Amino acid sequence: MTERDWLAEQFEQNRGRLRGVAYRMLGSLSEADDAVQECWLRLSRSETNDIANLGGWLTTVTSHVCLDMLRSRKARHEESLETAAPAPTARHAADPEAEALLADSVGYATLVVLDRLNPPERISFVLHDLFDVPFEEIARITGRTPEATRQLASRARRRVRGATTHDQQELAEQQVVVEKFLAALRLGDASKIVEVLDPEFAARADAVAAPRGLPTGMHGAEAWARQAIEAARGARLARVALVDGSIGLIVAPRGRLFRVLRFTFANGRIAAMEVVGDPESLRAIEIGALPG
């Protein structure tokens, strides 16, 4: 076995982990694969005799590449990376189903919050909280002090968790109701939707989110449930999340926030719902991952 063959074998053993690191940093599977390919290119050009810990080296290099890509993205000067890495196997090939599975494993709310962090915050949180990389190593990647990276990760952690004035029991009760609501929408079962709505339920949607040809506001649980069956095709894309401190629903393909459903609760049911689609309004909504 040649040295290049050995390197390719070692790289393939680390590819899945590197892809996971890069995806959480970049929020895009195709970009994550680009970053991993660039890592291979740098490895193939390096003097490997000087690498004491190959796994750690690969994580560091991939993180550097992702940080550069995030900064380039922020400056609106993104470029495609053309590399000569070993061809990914079928299970690693980028495709919508693979990306959806990976997004679900990370959590759509987490991806939304990560997308809102600045590059050093995102790198610090992902490497430390999700992959246990020491702050001393993160400091070398970001060009900050270990204490500064610790603060960056802490600030990001608070944003991922979200802030709420509700206790855990109340949030748990809200979550049960919203999950039943979402399940009923996905089934297209109007009677089950009505079961979780207050009889005087009121729904409102902004001009962007309102389905074409339908009113932006409606009162009455039964009336809304009948209408919802026709307009709930996007329910399969919705995920439960913290929305402004309460349990709500988000639609965020690839971590890009598209719709938010905010709820008001009363007597164990949903009393009101607001659907938000206006981009400026979406940016002002605080999203957080579910507790636990």
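Among contacts in this protein (heavy atoms within 4.5 Å) between residues at least 6 apart in sequence, 66% join residues at least 24 apart. The model is a predicted one: local features need pLDDT of at least 70, side-chain atom pairs count only at pLDDT 80 or more, and totals for chains, interfaces and linings use all residues. Residues are numbered from 1 along each chain as its sequence is written, and side-chain values use heavy atoms, with hydrogens and water left out.

**Exercise 1. Find how many helices and strands the protein has, and lay out its sheet.**

Step 1. Start with the elements, which are DSSP runs numbered from the N terminus (helices are H or I, at least four residues; strands are E, at least two). The protein has 12 helices and seven strands.

Step 2. Now put the strands in order, calling two strands paired if DSSP finds at least two bridges between them. The order is 2-1-6-5-4-3-7 in an open sheet of seven strands with mixed pairing. At the edges lie strand 2 (217-219) and strand 7 (287-288), each pairing on one side only.

Step 3. Look at one edge. Strand 3 and strand 7 run antiparallel and are joined by two bridges, with valine 243 opposite isoleucine 287.

Step 4. Add the helix that covers the sheet. Helix 9 (residues 168-187) packs on it, touching strands 1, 3, 4, 5 and 6. Its direction makes about 35° with that of strand 4, where axes are lines fitted to C-alpha atoms, for helices over the stretch in contact, and angles run from 0 to 180 degrees between N-to-C directions.

**Exercise 2. Decide whether strand 4 (residues 246-251) is enclosed or open, and name its partners.**

Step 1. Check burial, where buried means under 20% relative accessible area, exposed over 50%, and partly exposed in between (1.4 Å probe, protein chains only). Six of the six residues are buried, so strand 4 is largely enclosed by the rest of the structure.

Step 2. Sort the side chains. In a regular strand they alternate between the two faces of the sheet. Here Ser246, Gly248 and Ile250 point one way, Ile247, Leu249 and Val251 the other, and all are buried.

Step 3. Turn to the neighbours. Strand 3 (residues 238-243) pairs with strand 4 in the antiparallel sense over six bridges, and alanine 238 stands opposite valine 251. The two strands form a hairpin with two residues between them, and aspartate 244 in the turn has a positive phi of about 50°.

Step 4. Strand 5 (residues 259-266) also pairs antiparallel with strand 4, over three bridges. In strand 5, arginine 259 is the bridge partner of valine 251.

**Exercise 3. Describe how helix 7 (residues 135-142) and helix 8 (residues 146-161) meet.**

Step 1. Their axes come within 8 Å and cross at roughly 95°. That makes helix 7 roughly perpendicular to helix 8, since angles under 35 degrees count as roughly parallel, over 145 as roughly antiparallel, 65 to 115 as roughly perpendicular and the rest as oblique.

Step 2. List the contact: Phe135, Glu136, Ile138, Ala139 and Thr142 of helix 7 meet Pro146, Thr149, Arg150 and Ala153 of helix 8.

**Exercise 4. Place arginine 116 and name what it touches.**

Step 1. Arginine 116 sits in helix 5 (residues 108-116) and is partly exposed, with a relative accessible area of 28%.

Step 2. Leaving aside residues up to four places away in sequence, arginine 116 touches Arg159, Leu257, Leu282, Arg283, Ile285, Glu286 and Ile287. Arginine 283 is 167 residues away in sequence and 9.0 Å away in space, C-alpha to C-alpha.
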